[in-house]
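Thank you all for making time today. I would like to walk you slowly through one structure, so please look at the sequence and the model as they come up.

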Amino acid sequence: MLLSNQVTLVRMLLNLCIINVRSIVSEVLTRLFSFWMGENKAQVSIQPKRTNLSSTTPGEVPTPMSVNYHFTRQCNYKCGFCFHTAKTSFVLPIEEAKRGLRLLKEAGMEKINFSGGEPFLHHKGVFLGEMVQYCKQELQLPSVSIVSNGSMIKETWFQKYGEYLDILAISCDSFNEETNQTIGRAQGRKSHVDNLCKVRNWCRQYRVAFKINSVINTYNVHEDMTEHISELNPVRWKVFQCLLIEGENSGENSLREAEKFVITDQEFQDFLDRHQSIKCLVPESNQKMKDSYLILDEYMRFLDCRAGRKDPSKSILDVGVEEAVKYSGFDERMFLKRGGKYVWSKEDMKLEW
Ligand SMILES: C[S@@+](CC[C@H](N)C(=O)[O-])C[C@H]1O[C@@H](n2cnc3c(N)ncnc32)[C@H](O)[C@@H]1O
Ligand code: SF4
């Protein structure tokens with residue numbers, strides 16, 4: 001009897017060892033895979049995930065897999081290059097916004113990104129929080145994200161809605177406060193960079209993946225941000241070449257004149273070369289950016305940027321998603337080419353908190 005118990009115990013211990021060896025081998029393989037894929041080794045180790053690389057053929061209606069909903073145009077900052085300006089103060093009633101989000105989900109949406117204007121401005125972030133919660137809890141979207149200037153976010157927002165949010169991107173174009181003031185990326189004399197660091201810490205505390213967006217323009221094109229970005233260690237650093245959009249930041253009826261912010265392709269490339277040691281950097285030249293985003297405006301109309309301006313479709317609330325998306329100008333091939341489909345669910349990222 002005693003002998004049989006001892007044999008069972010030895011068997012159990014052996015099994016435990018085998019399981020441990022297996023998990024160590026699996027972890028090593030996962031890390032090697034992340035390394036080969038050029039992912040950010042320091043913060044994330046990404047589980048391999050099959051990517052659907054199929055793309056629409058010309059004339060075929062694209063699936064709105066990843067959508068950017070700019071539900072407000074109002075903002076508390078005055079970035080001189082801004083390409084989504086305060087042309088209206090309209091925001092849909094929350095129930096209508098939710099109806100549109102459900103239609104998008106039924107049409108195949110997997111990722112929603114809330115943008116603006118400044119998304120935390122309307123109803124002090126409660127409107128945004130309700131949509132974030134609805135998209136994760138009710139619609140069960142794999143990825144819910146926000147792009148914000150970060151200045152209006154409060155810790156109480158994370159306490160209430162943080163669990164429903166996968167990724168928070170904060171825009172920061174410079175680590176020099178004078179440059180931020182010159183760009184208009186500021187409210188009064190408050191430090192944009194201090195705020196960025198504060199939000200970064202909340203992301204860590206409330207388990208939200210942290211991302212940074214930077215627009216490269218004449219005022220920051222010679223800056224070296226390597227040290228600051230390495231320290232902040234975002235899951236992704238999106239680096240945009242400043243883009244002109246007629247009617248928004250250029251030409252007649254525009255609220256900005258962004259011509260003086262525009263840089264050449266070579267200047268953009270030099271900036272990228274200077275930051276090549278940052279593995280999470282995702283570059284977006286004007287060419288890559290163009291037509292590779294599905295943009296919904298405050299009326300839930302797709303915006304077609306093919307002609308260098310934002311031409312609206314009819315609202316998905318009036319004609320449905322399939323009809324409206326035909327007029328979105330969206331190029332699914334460009335979307336895949338710019339790496340638009342990535343590991344975007346926080347459950348699939350192994351974040352070091
Ligand atoms: C229009 S903003 C709205 C969200 C929020 N207010 C912010 O600034 O992050 C969305 C993103 O577009 C970027 N952006 C604005 N104007 C741009 C331009 N002319 N070229 C490239 N990116 C631009 C912003 O820096 C930000 O990362
Ligand atoms: S880019 Fe600047 S001005 Fe434009 S919406 Fe964002 S924070 Fe506001």
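A search of the whole structure, which is a predicted model, finds 13 salt bridges, and I would like to go through a few of them before turning to the ligands. As a general point, side chains of opposite charge can pair when their charged atoms come close.

Let me begin with K136 and D166, whose side chains meet in a salt bridge with a distance of 2.8 Å from N to O. Because K136 lies in helix α3, residues 126–138, while D166 lies in the loop between α4 (155–161) and β5 (167–171), this pair ties together parts that are 30 residues apart in sequence. Are these two residues buried or exposed? Buried means under 20% relative accessible area, so K136, at 17%, counts as buried, and D166, at 0%, counts as buried too.

The next pair is R301 and D297, which form a salt bridge in which the closest N and O atoms are 2.8 Å apart. Here R301 is partly exposed, with a relative accessible area of 26%, whereas D297 is buried, at 1%.

A further salt bridge joins the side chains of D304 and R306, again with 2.8 Å from N to O, and D304 is buried, with a relative accessible area of 10%. Please also find C305, which sits in the loop between β10 and β11 and counts as buried because its relative accessibility is 14%. If you follow the chain back from C305 to Y293, you cover twelve residues in sequence, and the two C-alpha atoms are 9.2 Å apart in space.

Salt bridges can also join into networks, and in this model R73, E248 and E298 are linked in one.

E248 brings me to K310, a residue in the loop between β10 (301–304) and β11 (311–315). K310 is buried yet has no salt bridge, and the nearest side chain of opposite charge, that of E248, is 4.4 Å away; the cut-off for a salt bridge is 4 Å. Which side chain does K310 make a polar contact with? The partner is the side chain of H84, at 2.8 Å, and in addition a polar atom of the K310 side chain lies 2.7 Å from the backbone oxygen of F83.

F83 leads us on to ligand 1, since a backbone N or O atom of F83 lies 3.3 Å from a nitrogen atom of that ligand. A backbone N or O atom of F81 lies 2.8 Å from a nitrogen atom of ligand 1, and an N or O atom in the side chain of E118 is 3.4 Å from a nitrogen atom of the ligand. Taken alone, ligand 1 exposes 540 Å², and the protein buries 94% of that.

How many residues surround ligand 1? There are 21, and the closest are F81, G117, S171, R185 and L243. This shell divides into nine nonpolar, ten polar and two charged residues, and the strands β4 (143–148), β6 (209–216) and β7 (236–241) each supply at least two residues to it.

Finally, please look at ligand 2, around which you will find C75, Y77, C79, C82, G117, N149, R185 and R256. Four of the residues in this shell are nonpolar, two are polar and two are charged.

Notes. Residues are numbered from 1 along each chain as its sequence is written. Chains are lettered from A and ligands numbered from 1 in the order in which they are written. This is a predicted model: local features need pLDDT of at least 70, side-chain atom pairs count only at pLDDT 80 or more; totals for chains, interfaces and linings use all residues. Side-chain values use heavy atoms; hydrogens and water are left out. A residue is near a molecule or strand if one of its heavy atoms lies within 4 Å of it. A polar contact is a pair of N or O atoms within 3.5 Å; within protein, one must be able to donate a hydrogen and the other to accept it, and residues adjacent in sequence count only if both atoms are side-chain atoms. Accessible areas come from the Shrake-Rupley method with a 1.4 Å probe; for residues, only the protein chains shown count as cover. Helices (H or I, at least four residues) and strands (E, at least two) are DSSP runs, numbered from the N terminus. Ala, Val, Leu, Ile, Met, Phe, Trp, Tyr, Cys and Pro count as nonpolar, Asp, Glu, Lys and Arg as charged, and the others, Gly among them, as polar. Buried means under 20% relative accessible area, exposed over 50%, partly exposed in between (1.4 Å probe, protein chains only). Lys and Arg count as positive and Asp and Glu as negative; His and the chain ends are not counted.
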